[in-house]
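Here are a few exercises to work through with the model open beside you. Try each task before reading its solution.

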Amino acid sequence: MKDKFYITTPIYYTNAKPHIGHAYTTIASDVLARANRLQKKETFFLTGTDEHGAKIEKKAIEEGKNPQEFVDGFAQIFQDLWKELNISNDGFIRTTSPAHKLAVQKVLQALYDNGSIYKGSYKGLYCVGCEQFKSENELVDGKCPDHNAAPEEMEEECYLMKMGKWQETLIGKIKSDEFRIQPERYKKEMLSFLESQKLEDVSISRKNLKWGIEIPFDSEHTTYVWLDALLNYLTGIGWDGESKEIPKMWPAEIQMLGKDILRVHATIWAAILLNLEIELPKSLFIHGHILSGGKKMSKTLGNVIGIDEMLEKSGVDGTRYLLLSGGTFGDDLDLTMERMTEKFNADLANGLGNLVSRVIKLSSQDNFQFPISNFQSIFNDKILNFINEFNFDGALEYINGLVKESNKFIEDNKPWELVKTDENKFKEVMKKLLLDLEIISQLLIPFMPETSEKIKLALETKKAEPLFQRIK
Ligand code: MSP
């Protein structure tokens, strides 16, 4: 089999509309998927929606809707947004789809049969926002720091999945990078967590929650939403939950995650797979959160940057560019609409947009004919190295550097004068400029696919529509 590349995003909760945080993960994954397709790897890019659980049930009830109707609406909104943002996902998994539900039940049965699940009870503090039990030391002033809310005391009969026996295995696999966690500091964080405390068995069912997948061996219980959700990474590529033949795209080369959900993936997800004797993913890549003006985005603070607002101002490729060029991928990213507007105007409207319109206009002068090459891939190693290292802002800075150089080359050589004075020199200058554009358009493919296409078309037809409108 030729080299393969399976990449996943987390599946998004369908309790609210998507925001730029969701778009950020998805766009980054899209760049990786596109770059790997360009390298001719057999690629599968999966995203989807996480539709069960207490949080969603509660919200649906508040809005007077039945949960299925409620999640149908948001699942559609996510799909529409990904389409608009030119996301090239090969699959979209919904956890309320019949095939997924059936597979989850099969898995539960298998785990029960092989002794990985047993009946017991669990008492703890449950944060509905996280859909997780929290230990005292994870709370700040008695509240979950991610949701700024006090978790509820909960005690109930439930089924639990054994975790403890995997502790050493996990430490070993993470240490050796067989189960790789990137960036390095998150690997360290997970190792110090696993080395400092015993892994507790996790509750994998809920007794008083209707909105979930029924446990096949006990109809009074529904499946814990994380167990249900995590299995999407396998059901989304067609696994039925019982076949010994795992779809060939598994294991995932990269599972992209925000830092808030690293621990669940490195413990519960890994334990599910180990209990099923299925290989672990090759790697988890952990990215930071988008902040707005240095603070977590929140409706109360009024600093939420809406995806609609961003799309309206900067367009699809402008949004893709601004989110990925705003800072080191992996770190938290502090954005403000002002800074993004400035960057849009400088790099895209004045930079790239201006370059394309000037070069195309000059090249359409009179009888000037320049045979451009036939767009063989000139996707160079340099840009691939950036992408393979998740250095998206580095890649875009590099491309932006080429744009600046090319614009400077125009200023220095004044082709609009050469065309009248020195035809040979003019041709030489234009040849270089057209080649620059061709290269830039190639390098942009994974980041700004539509812009890349437009530049290619402009080169072929010698006509260019303005690419970016300055934002006032
Ligand atoms: N449904 C779970 C994931 C299940 S995966 C088996 C979930 N959903 S979520 O919608 O709350 O978040 C999905 C992803 O979006 C997470 O990786 C999270 O880190 C990311 N983001 C949510 N807010 C974010 C920002 N403000 N900035 C960047 N990413 C953020 O968790």
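**Exercise 1. In which helix is Asp80 placed, and which residues form a negative surface patch with Asp80?**

Step 1: Asp80 sits in helix 3, where helices (H or I, at least four residues) and strands (E, at least two) are DSSP runs numbered from the N terminus. This is a predicted model, in which local features need pLDDT of at least 70, side-chain atom pairs count only at pLDDT 80 or more, and totals for chains, interfaces and linings use all residues. Residues are numbered from 1 along each chain as its sequence is written, and side-chain values use heavy atoms, with hydrogens and water left out.

Step 2: Asp80 is partly exposed, because its relative accessibility is 42%; buried means under 20% relative accessible area, exposed over 50%, and partly exposed in between (1.4 Å probe, protein chains only).

Step 3: The negative patch consists of Asp80, Glu84, Asp308 and Glu312. Patch residues have over 30% relative accessible area and no salt bridge, and like charges are joined within 9 Å. A salt bridge here is a side-chain nitrogen of Lys or Arg within 4 Å of a carboxyl oxygen of Asp or Glu.

Step 4: Helix 3 (67–84) and helix 10 (307–325) each contribute at least two residues to this patch.

**Exercise 2. Why is Cys127 not bonded to the closest cysteine sulfur?**

Step 1: The structure holds zero disulfides, a disulfide being a pair of cysteine sulfur atoms within 2.5 Å.

Step 2: The closest cysteine sulfur to that of Cys127 belongs to Cys130 and is 3.8 Å away, so it is too far for a bond. Cys127 is buried, with a relative accessible area of 4%.

Step 3: Cys144 is in no disulfide either, and its nearest cysteine sulfur, in Cys130, is 3.8 Å away. Cys144 counts as buried at 1% relative accessibility.

**Exercise 3. Locate the cis peptide bonds that lead into Pro183 and Pro251.**

Step 1: Gln182 to Pro183 is cis, with omega near -10 degrees. Pro183 lies in the loop between strand 8 (180–182) and helix 6 (184–196).

Step 2: Trp250 and Pro251 are joined by a cis bond with omega of about 0 degrees. Pro251 is in the loop between helix 8 (232–235) and strand 13 (254–258).

**Exercise 4. Where is Lys414 found, and is Lys414 buried or partly exposed?**

Step 1: Lys414 has a positive phi near 40 degrees although it is not a glycine.

Step 2: Lys414 is in the loop between helix 13 (392–413) and helix 14 (415–421).

Step 3: With a relative accessible area of 34%, Lys414 is partly exposed.

Definitions and conventions. Patches are made of residues with over 30% relative accessible area and no salt bridge: like charges are joined within 9 Å, nonpolar side chains (Val, Leu, Ile, Met, Phe, Trp, Tyr) within 5 Å. Accessible areas come from the Shrake-Rupley method with a 1.4 Å probe; for residues, only the protein chains shown count as cover. Lys and Arg count as positive and Asp and Glu as negative; His and the chain ends are not counted. The place of a charge is taken as NZ of Lys, CZ of Arg, CG of Asp or CD of Glu.
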